[in-house]
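Visitor: Please show me the model. I would like to go through it piece by piece.

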Amino acid sequence: MTKSLFGAVVFSILAFQVSIASAGGCGDMKPPSPATNIPTGVRFTNDTQYTVRIYWTDFDGQLRDYGLVQPDESVGFKTYVHHRWYAELYMSDEALCAGPISAPDTETCDMRLMFDGERGMIDMDGGYCDY
């Protein structure tokens with residue numbers, strides 16, 4: 001979902017709840033990333049006690065694995081405006097999926113991932129990210 005620039009700035013300072021997209025995690029297919037050529041960046045910070053796998057959605061809607069982010073680690077990627085990213089949190093008995101996450105313009109977006117154990121949800125605090 002795309003928000004206006006003003007809305008993205010206002011909402012980026014708030015933490016949002018993201019519901020489980022799939023009981024088995026992110027699955028294999030998602031809406032494709034748009035064919036844009038404006039460079040930007042996206043950074044993920046794992047503030048959970050669990051491992052998180054990062055995916056980029058290609059132009060055919062296939063999830064492409066970009067690796068693992070361990071607890072208390074951050075990782076950044078070069079990308080393009082509005083390209084879609086997903087984060088899959090691995091727990092012992094299930095995987096939860098958060099996304100899509102994208103940068104709305106040339107400023108790198110910073111996505112902080114947290115876990116709310118009581119509600120079984122991934123919390124996201126997206127500094128300048130659309131989600």
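Visitor: In what order do the elements of the protein run from the N terminus on?

Guide: This is a predicted model, in which local features need pLDDT of at least 70, side-chain atom pairs count only at pLDDT 80 or more, and totals for chains, interfaces and linings use all residues. Residues are numbered from 1 along each chain as its sequence is written, and side-chain values use heavy atoms, with hydrogens and water left out. Elements are DSSP runs numbered from the N terminus: helices are H or I of at least four residues, strands are E of at least two. The protein has 1 helix and 9 strands, and the order is α-β-β-β-β-β-β-β-β-β.

Visitor: What is the mean pLDDT of the protein?

Guide: pLDDT is the predictor's confidence in each residue, from 0 to 100. A value of 70 or more is reached by 82% of the residues. The mean is 83.

Visitor: Over which residues is the pLDDT below 50?

Guide: The stretch in question has 49 contacts in the model beyond near neighbours in sequence; contact means heavy atoms within 4.5 Å. Where pLDDT is low, predicted coordinates should not be read in detail. The pLDDT is below 50 over residues 1–23.

Visitor: What share of the 131 residues is buried?

Guide: Buried means under 20% relative accessible area, exposed over 50%, and partly exposed in between, with a 1.4 Å probe and protein chains only. By that cut-off, the buried share is 44%.
The protein exposes about 6,700 Å², by the Shrake-Rupley method with a 1.4 Å probe, where only the protein chains shown count as cover for residues. Carbon and sulfur atoms supply 52% of that area. Once more, the buried share of the residues is 44%.

Visitor: Which residues touch the most other members of the largest nonpolar core?

Guide: A nonpolar core is a set of buried Ala, Val, Leu, Ile, Met, Phe, Trp, Tyr and Cys residues joined through side-chain atoms within 4.5 Å. The elements giving two or more residues to this one are β2, β3 (51–57), β6 (85–90), β7 (95–101), β8 (109–116) and β9 (121–127). Apart from it lies another core of 5 residues, among them Cys-26, Tyr-55, Leu-63 and Tyr-86. In the largest core, with its 22 residues, the answer is Phe-44, Ile-54, Trp-85, Ile-101, Met-111, Leu-113 and Met-124.

Visitor: Why is β6 largely enclosed by the rest of the structure?

Guide: Two strands pair if DSSP finds at least two bridges between them. β6 pairs antiparallel with β3 over 6 bridges and antiparallel with β7 over 5 bridges. β6 is largely enclosed because its buried residues number 5 of 6.

Visitor: Which residue is the bridge partner of Trp-56 in β6?

Guide: Trp-56 finds its partner across the β3 and β6 pairing, which is antiparallel. The partner is Trp-85.

Visitor: How many residues lie between β3 and β4 in their hairpin?

Guide: β3 and strand β4 (residues 63–69) run antiparallel, joined by 6 bridges. Tyr-55 has Asp-65 as its bridge partner in β4. Gly-61 in the turn has a positive phi of about 90°. The number of residues between the strands is 5.

Visitor: Is Asn-46 buried or exposed?

Guide: Asn-46 belongs to strand β2 (residues 39–46). Its side chain makes a polar contact of 2.6 Å with that of Thr-48; such a contact is a pair of N or O atoms within 3.5 Å, and within protein one must be able to donate a hydrogen and the other to accept it, with residues adjacent in sequence counted only if both atoms are side-chain atoms. The Asn-46 side chain also reaches the backbone oxygen of Gln-70 at 3.3 Å. Because its relative accessibility is 0%, Asn-46 counts as buried.

Visitor: How far apart in space are Arg-43 and Met-111, C-alpha to C-alpha?

Guide: Arg-43 lies in strand β2 and is partly exposed, at 35% relative accessible area. Leaving aside neighbours within four places in sequence, its contacts include Val-75, Thr-108 and Met-111. Arg-43 and Met-111 are 68 residues apart in sequence, yet the distance is 6.0 Å.
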